[in-house]
Amino acid sequence: MRFAPDTEETLAFLVALVNTAPGASRSGEDEVPGVPELMALLDEFRYSGRRDRDDAELAQVKRTRSRLRHMFDLDRDEAVTEVNTMLRDGRALPFLTRHDDFDWHLHATEPGAPLAERMRVEVALALVDVIRGDEWDRLRVCEAHDCDGVLLDLSRNGAKRYCSVRCGNRMNMIAYRRRLG
Ligand SMILES: [Zn+2]
Ligand SMILES: [Zn+2]
């Protein structure tokens, strides 16, 4: 299962962002507690465009993070409504662009649009591919009972169940102990 490179990059960012939330993250704490951590996440994904580097922007990103997390609880048809809303509210106008060392890829907002809005539009565009390709079930919530994390399963057999090796090992250990009685 392969999507276009920019789609996969955005989906990877989506999962990484959602999994910084308390209850999903490795530490159990919010892993984007402040502006520096947000900037580090953006740098990791080589996020282009406007950065205000202030608390207002951080708060907007966190609201967007919650909204994007909620999408994983939706079925494919429900997701369409949310994707269309995000595209419309962000006044998405897709165009091909090439910058830094990225080859031609889609943008749909101007680089000066607010960061959280660009995130929503970019994610919505990636989800357009996922929905059109009828691959919505590749985006899942982690099956570990004590984890709120999410995952993107691009594997051939689509059998990925956990957001991380950590969750997989923990659940295997619990099942093992249960078998021992
Ligand atoms: Zn770009
Ligand atoms: Zn997990």
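In the predicted model, S48 is placed in the loop that lies between helices α2 and α3. With a relative accessibility of 24%, this serine counts as partly exposed, because the partly exposed class covers values between the 20% limit for buried residues and the 50% limit for exposed ones. S48 and T81 are 33 residues apart along the chain, and a distance of 27 Å separates their C-alpha atoms.

The two helices that flank this loop also take part in the nonpolar interior. The largest nonpolar core comprises 41 residues, among which M71 and L127 have the most contacts inside it. At least two residues of this core are supplied by each of α1 (5-18), α2 (35-44), α3 (55-71), α4 (76-89), α5 (115-132) and β4 (150-152). Of these elements, α5 provides the largest share, with 11 residues.

Charged side chains were examined next. Over the whole structure, the search finds 16 salt bridges. One of them joins D129 to R132, with 3.0 Å between the closest N and O atoms; both residues belong to helix α5, where they are 3 residues apart and therefore separated by about one helical turn. The two partners differ in their accessibility class, since D129 is partly exposed with a relative accessible area of 23%, whereas R132 counts as exposed at 63% relative accessibility.

A further salt bridge is formed between the side chains of R138 and E135, with an N to O distance of 3.3 Å. In this pair R138 counts as buried at 12% relative accessibility, and E135 likewise counts as buried, at 17%. The side chains of R69 and D73 also meet in a salt bridge, at 3.4 Å from N to O, and R69 counts as buried because its relative accessibility is 13%, which is under the 20% limit. In addition to such pairs, D30, K62 and R65 are linked to one another in a network of salt bridges.

On the surface, L96, W104 and L106 form a nonpolar patch, the accessible area of the three residues together being about 330 Å². Of these residues, L106 is located in strand β2, which spans residues 102-107, and at 37% relative accessibility L106 counts as partly exposed.

Helix α6, which runs over residues 165-180, has 16 residues and reaches 22 Å from its first C-alpha to its last, close to the 22 Å expected at 1.5 Å a residue. The buried residues of this helix are C167, G168 and M171. When α6 is seen down its axis, these buried residues fall within an arc of 100°, so that they line one face of the helix. The face of α6 that is turned away from the buried side carries the exposed residues V165, R177 and L180. Just after the helix, G181 takes a positive phi of about 75°.

Methods: Residues are numbered from 1 along each chain as its sequence is written. Chains are lettered from A and ligands numbered from 1 in the order in which they are written. This is a predicted model: local features need pLDDT of at least 70, side-chain atom pairs count only at pLDDT 80 or more; totals for chains, interfaces and linings use all residues. Side-chain values use heavy atoms; hydrogens and water are left out. Helices (H or I, at least four residues) and strands (E, at least two) are DSSP runs, numbered from the N terminus. The expected span of a helix is 1.5 Å times one less than its number of residues. Buried means under 20% relative accessible area, exposed over 50%, partly exposed in between (1.4 Å probe, protein chains only). The arc is that of the directions from the helix axis to the C-beta atoms. Patches are made of residues with over 30% relative accessible area and no salt bridge: like charges are joined within 9 Å, nonpolar side chains (Val, Leu, Ile, Met, Phe, Trp, Tyr) within 5 Å. Accessible areas come from the Shrake-Rupley method with a 1.4 Å probe; for residues, only the protein chains shown count as cover. A salt bridge is a side-chain nitrogen of Lys or Arg within 4 Å of a carboxyl oxygen of Asp or Glu. A nonpolar core is a set of buried Ala, Val, Leu, Ile, Met, Phe, Trp, Tyr and Cys residues joined through side-chain atoms within 4.5 Å.
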